[in-house]
Amino acid sequence: MQKSLPSSYYTAPEMFQREQERIFAREWFCAGREEDLPASGDSRVLEVAGESVLVVRTKRRELKAHYNVCRHRGTRLCDASHSDWGTTPTGGVMPGGIIRCPYHQWTYSLEGELLGAPFLKEDETFRREDFSLHPVALDCWGGFFFLKLELQDGSVRQGVDVQLGPVVGRTIRYPLRDLRSGHRISYDVTANWKIIAENYNECYHCGGVHPELCEVVPDFKLAGGSNLTWEDGIPHREGAYTFTKSGRTNRSPFAGLNETEKVRHKGELCFPNLMLSLACDHVAAFVLWPLAADRTRIECNFLFHPDEMAKADFDPMDAVEFWDLVNRQDWAICERVQQGVRSRIHQFGYYAPMEDPSLDIRNYVKKRLAPE
Ligand SMILES: [Fe+2]
């Protein structure tokens, strides 16, 4: 038995603030899918670690991210409430692909360069190239885009693949980049993001919490899941091969999977905020948006191959409905953990041996929150 993080890590606003600064502002933070902004001029306003970030698709069709802050007086450029269209009457991302500040009408390209400032002429104190929007680092992997607010070492920029480490190799045969969203569900969960990640990391709870899932994966009921090796994939019951109620589907498996992957299920927790569940025919991707010490929004995206989605009988709901059932069971139990953890009597919890992977979370968080 190993001690969990102290309860304050799950409940105290100060700890949450520290995580925002030390983890979510410094690490690559998964913020969406590349397909969310398909066309030049598309934009999204996203809040990462308390900062408003403007993500745009440029005229060169690249994704770029900027702090949502005018270089003139600091005005917020775009409203989150207009994120779908990105326009306000006098400011925001305007048709034609310029970003305009609603205050003094300074304009920027989608790339972030200052294009014009009304009635101002360039001179030695005002050179346009010195007034570009502050960039936020953006990198893509597997069709996801990731943002990084703060480059710890400004000189060396490490890509998201470095942060993902062995996940890249373990998922290499899944065509993540080609997949498209077939359905999305957003959940507001009254629990700390780490409780959700820890729950994702262990199957000790599956026998009690997920009776329907255990019908499809009977091994979840055995030995608290301690005999399962996620790297090799989780075996289903005889005749089942995917996460649906029947354990089967009319969708073909992804081309390129090996024989094991065609019949087993894999899962990856990608620190700090992406959880991937990989079936042979679909991927459930969970992006965690920590909102407060006790509140997390979970964007669950169901990804399928476009060839399957193009078929007349494509229907994602066999996977979606099954996942939604299992998800709600998980979120409900996570909320109960949050309720108990905030009790004065609870100083810390324990990880049983079959919950060992959660030690990674404990160590990951402790290391980053330690005094510098
Ligand atoms: Fe669960």
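# Helix packing, a sheet and two residues

Me: Helix H5 (residues 193-200) and helix H9 (residues 317-341) pack at an angle of about 130°, their axes being 10 Å apart. In this predicted model, what is the orientation of H5 to H9?

Reply: An angle over 145 degrees would count as roughly antiparallel, and one from 65 to 115 as roughly perpendicular. The angle between H5 and H9 is about 130°. H5 is therefore, with respect to H9, oblique.

Me: Is the crossing of H5 past H9 right-handed or left-handed, and how do the residues of that contact divide by character?

Reply: The handedness of the crossing of H5 past H9 is right-handed. H5 brings Ile-195, Ile-196 and Asn-199 to the contact, while H9 brings Asp-330, Trp-331, Ile-333, Cys-334, Val-337 and Gln-338. By character, these residues of the contact of H5 with H9 are one charged, two polar and six nonpolar.

Me: What is the orientation of H5 and H10 to each other?

Reply: H5 and helix H10 (357-369) pack at an angle of about 150°, with axes 8 Å apart. Angles over 145 degrees count as roughly antiparallel. The relation of H5 to H10 is therefore roughly antiparallel.

Me: Which residues of H10 are met by H5?

Reply: On the H5 side, the residues are Trp-193, Lys-194, Ala-197 and Glu-198. The contact of H5 with H10 divides into four nonpolar, one polar and two charged residues. In H10, the residues met are Ser-358, Ile-361 and Val-365.

Me: Which residues of helix H2 (residues 13-24) are buried, and what is included in their cover?

Reply: Buried means under 20% relative accessible area. In H2, the buried residues are Met-15, Phe-16, Glu-19, Gln-20, Arg-22, Ile-23 and Phe-24. Their cover includes helix H1 (8-11), strand S2 (29-33), strand S3 (43-48), H5, strand S16 (283-292) and H10.

Me: Is Phe-286 buried or exposed?

Reply: Phe-286 is a residue of strand S16. Beyond four places in sequence, Phe-286 touches Tyr-200, Asn-273, Leu-274, Met-275, Ser-277, Ile-298, Glu-299, Cys-300, Trp-323, Asn-327 and Trp-331. Because its relative accessible area is 1%, Phe-286 counts as buried.

Me: What separates Phe-286 and Trp-28 in space, C-alpha to C-alpha?

Reply: In sequence, Phe-286 and Trp-28 are 258 residues apart. In space, their C-alpha to C-alpha separation is 15 Å.

Me: Which are the edge strands of the open sheet with the order S6-S7-S8-S9?

Reply: This sheet has four strands with antiparallel pairing. An edge strand here pairs on one side only. The edge strands are S6 (92-94) and S9 (114-116).

Me: Which residue in S7 is the bridge partner of Val-93?

Reply: S6 and strand S7 (residues 98-100) run antiparallel and are joined by three bridges. In S7, the partner of Val-93 is Ile-99.

Me: How does Arg-237 count by its relative accessibility?

Reply: Arg-237 lies in the loop between strand S13 (234-235) and strand S14 (264-270). Neighbours within four places aside, Arg-237 is in contact with Glu-215, Val-216, Pro-218, Lys-245 and Ser-246. One of these, Glu-215, lies 22 residues away along the chain, with 7.6 Å between the C-alpha atoms. At 31% relative accessibility, Arg-237 counts as partly exposed.

Definitions and conventions: Residues are numbered from 1 along each chain as its sequence is written. This is a predicted model: local features need pLDDT of at least 70, side-chain atom pairs count only at pLDDT 80 or more; totals for chains, interfaces and linings use all residues. Side-chain values use heavy atoms; hydrogens and water are left out. Two strands pair if DSSP finds at least two bridges between them. Axes are lines fitted to C-alpha atoms, for helices over the stretch in contact, and angles run from 0 to 180 degrees between N-to-C directions. Angles under 35 degrees count as roughly parallel, over 145 as roughly antiparallel, 65 to 115 as roughly perpendicular and the rest as oblique. A crossing is left-handed if the near helix is turned anticlockwise from the far one by less than a right angle, and right-handed if clockwise. Contact means heavy atoms within 4.5 Å. Ala, Val, Leu, Ile, Met, Phe, Trp, Tyr, Cys and Pro count as nonpolar, Asp, Glu, Lys and Arg as charged, and the others, Gly among them, as polar. Buried means under 20% relative accessible area, exposed over 50%, partly exposed in between (1.4 Å probe, protein chains only).
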